[in-house]
Amino acid sequence: CCAENGGSGHCDALSRGCCKTCAADMRVDPSGECVACKRGTYSQKGADKSIGETKCLPCTAMTAQETCSAMTGCTWEAVVGVGCREKSCTEADTFSLCVNKLSSTCKWEQTATPQMCLPSISLSS
């Protein structure tokens, strides 16, 4: 029934009802469904639907390196006063993170070798 792909949490439309966990950057809503986190907020892969509602948090809310590093859009800065921060466009390594999840406006350069995420620069007059 379930297409969890070995616990990845990714479910197709037909098996949504029997999946037990959510994919990365998805939270469990009050009705027990997996929903995507808003831009600039993240959640660890594997949120257990049976436990109830979970939250998506900004990187700055992560106080431990282990928790920070487990979030797809966060990186740990071992500098006093910095701690966990959101990745920059150039640090994003997937199209989804680059275009859909970071709070910064980024663009995916698919013609580059290797493909990369770059800041989207808007020219103002």
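**Salt bridges and disulfides in a predicted model**

Visitor: How many salt bridges does the count come to here?
Guide: Keep in mind that this is a predicted model. A pair gets in when a Lys or Arg side-chain nitrogen sits within 4 Å of a carboxyl oxygen of Asp or Glu. By that rule, the count comes to five.

Visitor: Which residue forms a salt bridge with D25?
Guide: The closest N and O atoms of this pair are 3.2 Å apart, inside the 4 Å cut-off, and the partner is K101. D25 lies in the segment before β1 (26–28) and its partner in helix α2, so the bridge ties together parts that are 76 residues apart in sequence. So the residue in helix α2 that pairs with D25 is K101.

Visitor: Is D25 buried or exposed?
Guide: The call hangs on relative accessible area, with under 20% counting as buried. D25 comes in at 4%. Its partner K101, at 23%, is partly exposed, whereas D25 is buried.

Visitor: Which residues do salt bridges with shared partners join into one network?
Guide: Start with R85, which forms a salt bridge with E77, the closest N and O atoms being 2.8 Å apart. R85 also pairs with E91, again with 2.8 Å between the closest N and O atoms. The shared partners make one network of E77, R85 and E91.

Visitor: How does E91 count by its relative accessibility?
Guide: Between 20% and 50% is the middle class. R85 falls there at 22%, and E77 does too at 25%. E91 has 32%, so E91 counts as partly exposed.

Visitor: On to the cysteines. How many disulfides does a search of the whole structure find?
Guide: Here the test is a pair of cysteine sulfurs within 2.5 Å. One of the hits is C59 with C74, at an S to S distance of 2.1 Å. Searching the whole structure gives six.

Visitor: How many residues apart in sequence are the parts tied together by C59 and C74?
Guide: The link has -85° about the S-S bond, so by its handedness label it is left-handed. C59 lies in the loop between β2 (34–36) and α1 (65–69), while C74 is in strand β3 (residues 74–77). The pair therefore ties together parts whose separation in residues is 15.

Visitor: Are C59 and C74 buried or exposed?
Guide: The buried class needs a relative accessible area under 20%. C59 has 3%, and C74 has 4%. Both cysteines are therefore buried.

Visitor: In which strand does C106 lie?
Guide: C106 is joined to C89 by a disulfide, S to S 1.9 Å, and the link is left-handed with -75° about the S-S bond. C89 lies in the loop between β4 (83–86) and α2 (95–101), so the pair ties together parts that are 17 residues apart in sequence. C106 itself belongs to residues 106–109, strand β5.

Visitor: Is the link of C98 and C117 left-handed or right-handed?
Guide: This disulfide has its sulfurs 2.1 Å apart. The angle about the S-S bond is 80°, and the link is right-handed. The pair links distant parts of the chain, C98 in helix α2 and C117 in strand β6 (residues 116–119), 19 residues apart. With 80° about its S-S bond, the link is right-handed.

Visitor: What is the relative accessibility of C98?
Guide: Its partner C117 counts as buried at 2%. C98 counts as buried too, and its relative accessibility is 0%.

Key. Residues are numbered from 1 along each chain as its sequence is written. This is a predicted model: local features need pLDDT of at least 70, side-chain atom pairs count only at pLDDT 80 or more; totals for chains, interfaces and linings use all residues. Side-chain values use heavy atoms; hydrogens and water are left out. Helices (H or I, at least four residues) and strands (E, at least two) are DSSP runs, numbered from the N terminus. Buried means under 20% relative accessible area, exposed over 50%, partly exposed in between (1.4 Å probe, protein chains only).
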